[in-house]
Each structure stands twice: as structure tokens, then as C-alpha cells.
Amino acid sequence: MCDTIHTMLRNLSFVIVVIISSLFMVNIFHHQDSFNLKLEELKHKYALKAVPSVNHSKLPALQENFKTPQEVTEACLSCHTETHKEVMSSSHWNWERASYIEGRGVASSGKKNVMNNFCLGTNSNQKSCAKCHIGYGMTSSHFDFNNARNVDCMVCHDNSDEYLKGASMAGYPDRNVNLGNVARSVGSPRKSNCGSCHSFGGGGNNVKHGDLDVALNSCSREVDVHMGANGMNLECVACHTAKNHNILGKLYSVSSDNSNRATCEQCHTSTPHLSDVLNRHGSRVSCQTCHIPKYAKVNSTKMSWKWSDAGKLKDGKPYEEEDSMGNHKYMSIKGSFIWKRNVKPDYIWFNGTADHYLLGDSIKSIPVQMNILNGSYHDRLSKIIPVKIHVGDQIYDKVYNRLAQPKLYGEAAGDSAFWQDFKWDEAVAAGMKESGLAYSGQYGFVETVMYWPVNHMVSPKEQSVGCAECHTRTNGRLAKLSGFYLPGRDSNKTQDSFGYWMLILTLLAVFGHATIRVLSKIYRNKYEKQIISYDEDKPEE
Amino acid sequence: MQKVYIYKGFERLWHWSQASLIIFLALTGFEVHGAYTIFGFEKAAEFHRTASWLLIGLIILAIFWHITTGEWRQYIPTTRKLKEQVIYYMSGIFKGEHHPTEKSELSKLNPLQRIVYLSFKLLLVPMTIISGILYLLYKTFDQNNLIVIEDYPLASIAFWHTMGAILLIIFLIVHVYMTTTGKTPTSNIKAMITGYEEFDEEDEVKPEQNELNNKIQ
């Protein structure tokens, strides 16, 4: 007997060991090495900062006391004799780029003719908008794009942090800038150079993009893991390389075709993770989707802009109101805004091609899509990307059914500019005339929407979007994307209820069977006992 | 009392590790499906993947064992006494009748078990594993390579895999319950643990039973 118990115990422990070791094996095998050699190599490569081979402050040509910025450009070209050709073939200079757009064919588009959801468009407002043109003297659409003397080298290459373009000065520098100091400081562009325009689009810091904030010039790793001062401290041009002044990268607020893009993969490859499953996500999910959990991490960005509210005056004068965070909630010249900080992106399918609302296009749908990012789950080249969706309303011509280009900026009262006179009729008439388009005289306001792909403010990997933020039944980040099966989010409802009822029925059947067994056994025992008791208690005869 | 050695060492190792893996896979699998949260989606999916490779490995070993030992013959289906077996579970069991078939080393499965286990091995498990592998390899390669499985919608792959899981759970519940229908409620489980099953003298394998076994084989 003792032996049997002994064997029994031995066998029991054998089974327990088998079960525990199976589960233990699962735990061992699923674990992965955390040392990513690819990433370490990249860190090593970019930790070495190049030392410039020329110190421009020592060059004789730059020792002059420059009177005009054009003199500086001439000095630059005295050594870099052909560089202006490179610059003048770029969209930074031309404000347009030829590209193939589905439905339009090869078309030229750019800041010249693309409308946006912020200050609307450049036409008739060049003098103000040209603060972000790499040239001098763009006062109207008749700017001479062939004059190399007007190329602004300094806005990109100033390393003194002194250069500043003047407000509404057609691209000329502020009068206080010491051009000689700037010229002698030049070098490779820094974040502050690129940011002087790209962070201030739409009339203020971080207004447009949401992921390009002046705070990136000096931020922590948590804000941007690449640019963080306590991290790799990369400059923009580390990724946006610019061979022959052809700068890699574009944004689909103005760009259209899938070429010359700056991508994460150019450094990180398409298999950056140690986990195969994560790498596999890359075929349909962009890197940004998981690695940019939120944007506008430091300063707020505009999420909504209603032009229909513009023009209210107090005592005949324009005024401004601020929200609790100190951002403009209302401006008589622009309308009302909604700002947000630490925004979770929206997500869309995108295949790298886009169309835009070009000045003169008819309105096809409401809200008017200022840009259309093409893509769908069924398009093999599409990936899920994070976007900032900027909504609002704009003025449009009711008869011609197209968005209107108002003249916003004006030198002085009475020249029909909205920011001076607050009269929409006159502003639109003047703007459309300058744009070469007819205006019916009847205007209204129409809802508009614009999509801004979010590419910067990449978080450290520990803060990237977790699996369960998308793979969840309710309120996931991808809840709005439909047309495909997402494990953990989707399920076959019929099958689920089939499974549920099968489980219930099986349990009922098993318990029912067991109950009948137990009851019948009790009944049988009773019956047997009765017989036995009858035999024993047989009455004496 | 007579002790008969029914379940070999490997068989028991296979049975219990397969049982624990399947239960663990169900636990993590239905979490991935979104039914509840225990490990969190990420861990559940990782565990599920690792456990699935272990199960596939184990099944390959088991197939090898069944072929080399000839034990696969245990699963050859038969209709002989099948009806009696079904009737027994539906009524005889309540009347305290004996099992219509006897267990032996050469024939450890009754006709009903043969059919159920054979379909378990040839239909249910392959369906679940094949759909699972398709799930596992779905869009394995990005644009630098060919995409292996893409045009077959993930929704159907998931449907078949989930269907397998549901049926496996049903099998598990009924299977565990049926173990209590042996000589005593625990005798079958004891046998699967120790390998030995105890028979009363009167239950000793009858000659004709042996004959039947031989015929089947």
C-alpha cells in the first residue's frame, strides 16, 4: 500500500513537473535580447559631429561692411560660383514644383497656387508671406525668379542666430541685422535656421504643423528623441540631407508625389526591431504611427480656425482675446481659434500621393478638403500614418462655387486689405483680381478640413504606442479606421455568440448528465439497501 | 485486482504537456481575441506565439511516436459497438451497467473515443494549426520582399482559428467530464497519471474482446 502511494506521488510530481516545465519553456523562449546592434551603430555614427573644413570668418571676401543683403549673396557667389543654380531650382525658391497628380496630370503646385486652411493663400499677400521665401523683394506675383542676386543664403546658413527676416518686408532682413556678422558666421544649417520658417507657419509658433515647434531647437529626448539636447541632438539636415541643395523630404500640405521623401527607413532600415512581429507591422503601419504617441508636446497648436468669425470690432477697432493658456482665442483680423497641446494624432491610410485644393478649383464636397491624402487598406502601398486634422471655415464665392482668395495684408487703410479695412467684399474683389480670377460679388463661408502628416516629436521607445492602444475592443487609436480585420479590435459577432452559447450548452449538458448520474446512483443505492434490509429484517415465521 | 499498463511514459508526457499548452493557448488566445485582459494584449500575443511553436514541436514528436510505435492503429475508426457505446452514455450509465467495451493495452479507446479523437487529430487540430500558421505569417514581408499571405483576408483566417479554439474548448470540457465516467470518477485520470489502470478480476479482458482487438489491428 505504502508502495502504491509512493508510486502515485512520484507520478503526480512527474505530471506537475511536465506542466510547469512546459509553461516555463514558454516563458524562456518568448524572451528577447534587448541590445539592438543596429541602433547602437546609428548612435555611434551620429554621435560624431563633423568639423567644418572652412571657417568663413577668415575669408577675405566676407570682411566687408555689407550694406544690402544682395551684396552678401554676391560675396557668397564669388566662391560658390554655381550654387545659385542649385538653389534656384528648388521649391524653397520657386514656391512650386512639377509633379504628377492623379486626375490632373503633371501639374505645377506649391505655395504659389495651393490654398491652405490658415492664412489661406499667398496671392495678393506676397509682401507678408515672403518672410518665408528664400529671396529678397517678392512684393507681388511678378517676382523675378531668375535674378540670382536675390537669393537669400543667410536665412538657412546663418550660424550667429542674429539673422532675422523683417515682418512684411517682402523677404528682406530686418533693418537691425548686422549683415557682416551674419555673413562671417555661415555654416551648415541648424535647427534654428529651418525652424525660423517651418516652426512659424500660419503666423505663429507651432500653429500649422503641431510637430514643428521652436521648442525643438533645445528640447529633451522626451520631446524628440533625435533632436533632444540630452540625446543625439541631431540637426534637421541630418535626416533632411541636401545634396546639391536638393533637400530630402516634403510635406503633403503642399507636396503631391511620392518621391524625394525623407524616411525613417533611410537610417533605421525596414527591419529596425528585434521583434519580427513589430518589423512585420512596417508593411502596413508607418513608423510614426507607434513612435509619435502625441504631438504639440511643448506648445499648443491650432486645431481649428474659423474665418467666419473675423471682422468683429470693439469701438470700431480690432481686438484680440486669449484662452487660459495664453493663446489667441480670437483675433478680429483672423477669426476664432481652438488650440490644443499634447494631442493624440488621428490616423489615416496614406500611399504617399496627395492632391490639393488649387486656387480656382470648384468645390466638390463639404467640408472642402484642402488636401486629399490618397490611400486605403486595399492599396498595397498604403500605410497607416498619424495626422493632425485641422478644421475650420473659409470665405468662398457662392456663384462660382470656389474658395475665394482675399487680400489680407495691406500697407495702409483704404487699400482694400481685410486686415486694414475689415471689409470682406473689397478684400475678396482685390485678391481675386490679383489672382486673375472672376468674383461674382456674393460670398459665404464654407467648412474646410486639412490633413497634416505628423513626422516629428518622435518619443523614446519606452513611450511609444503600446500594442493594446490599437488592439483593443473599445476606444482604440484605430477605432475609426475600417475595412480591415484588426486582431483584438475586431471579431466575428455571429461566431462570438455561437461560441458563447456552445459553451453554455456544453456546460449545461455536462452538469445535467452528472446530476442524473449522481441522482440515479443515490436511487440505486437506496434500492439495494432496501433489499438488504428486507433480507435481514425478515419477519420470523 | 489486476493492474494493466495502459499509457506509456511518452504518451503521458505528451498528453499532459499538450493539455497544459492547449489550455494556456486558449487562455492567451481568447485574450488576443479581446474577450478579457489578464496578461495584456502584448504579453498575451507573445506568449501565444511561443506556446504555439512549442505545441507544433510537441505534435511533431507525437506523430513520430505514433508512427514508430504503431500506436496510430488505436485510432482506426470502427462502427462495431459504437451504437452500444452511445446508448451506454445516454442511458446505461444511469442504470449502473458495465461499459459495453473494455479497455486494454492493445485497445485503450472505445469506438466513440476512436472517432472523436481521430477527428480531433485529423480535422480540429490541423484546422486550428494551419489557420494559426497563416495568422502567424500574415504579411510577413514588407515591400523589400514578396508578401506571402495578403490576399486571403485576415478576417477569414481569424474566423477559422477562432472556430478551432471554440471547438477545442468544447472538446476540453466534455473530455474532462468523460474522464469521470470510468470505474470510479478518478480512475481514468489516475491511469493517465500513473499509466496503470486497475481492473477487477471479473473485468479481466475477455478472450472475445482480445479477438476483436486483434481484428481491428
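Begin by selecting β7(A) and β8(A), which form a hairpin with three residues between them; strands here are DSSP E runs of at least two residues and helices are H or I runs of at least four, numbered from the N terminus. This is a predicted model, in which local features need a pLDDT of at least 70, side-chain atom pairs count only at pLDDT 80 or more, and totals for chains, interfaces and linings use all residues. Residues are numbered from 1 along each chain as its sequence is written, while chains are lettered from A and ligands numbered from 1 in the order in which they are written.

Staying on this hairpin, note that β7(A) and β8(A) run antiparallel and are joined by two bridges, where pairing requires that DSSP find at least two bridges between the strands. Y330(A) can be picked out opposite S336(A) in β8(A).

Next, extend the selection to strand β6 (residues 320-322) of chain A, which pairs with strand β7 (residues 328-331) of chain A in the antiparallel sense over three bridges. Here E320(A) stands opposite M331(A) in β7(A), and the hairpin of β6(A) and β7(A) has five residues between the strands, with G326(A) taking a positive phi near 85°.

Another hairpin is found by selecting strand β1 (residues 97-101) of chain A together with strand β2 (residues 105-109) of chain A, an antiparallel pair over five bridges. Y100(A) faces V106(A) in β2(A), and among the three residues between the strands, G103(A) in the turn has a positive phi of about 95°.

Now turn to the interior and select M115(A), I348(A) and A404(A), the residues with the most contacts inside the largest nonpolar core, which has 57 residues. Such a core is a set of buried Ala, Val, Leu, Ile, Met, Phe, Trp, Tyr and Cys residues joined through C-beta atoms within 7 Å, and a residue is buried if 20 or more other C-beta atoms lie within 10 Å of its own, exposed if 12 or fewer, and partly exposed in between, with C-beta atoms placed from the backbone. Among the elements that each supply at least two residues of this core are β8 (335-340), β9 (346-350) and α15 (424-435) of chain A, and β13(A) gives the most, with five residues. Around M115(A), show L120(A), G121(A), Y357(A), L359(A), M370(A) and L403(A), which M115(A) touches when residues up to four places away in sequence are not counted; contact means that the C-beta atoms, placed from the backbone, lie within 7 Å. A second, separate core of 18 residues includes F66(A), V72(A), A75(A) and A183(A).

To view the interface, display both chains: 41 residues of chain A are in contact with 42 residues of chain B. On the chain A side, α1 (2-30) and α16 (493-536) each supply at least two residues, and α1(A) gives the most, with 13 residues.

Finally, colour chain B by pLDDT, the predictor's confidence in each residue from 0 to 100; chain B averages 85, and 86% of the residues score at least 70. Among its elements, helix α5 (residues 154-178) of chain B has the highest mean pLDDT (95) and helix α7 (residues 207-216) of chain B the lowest (47). Over residues 203-217 of chain B the pLDDT is below 50, although this stretch has 16 contacts in the model beyond near neighbours in sequence. Where pLDDT is low, the predicted coordinates should not be read in detail. The model scores ipTM 0.88 and pTM 0.87.

Key:
Contact = placed C-beta atoms within 7 Å.
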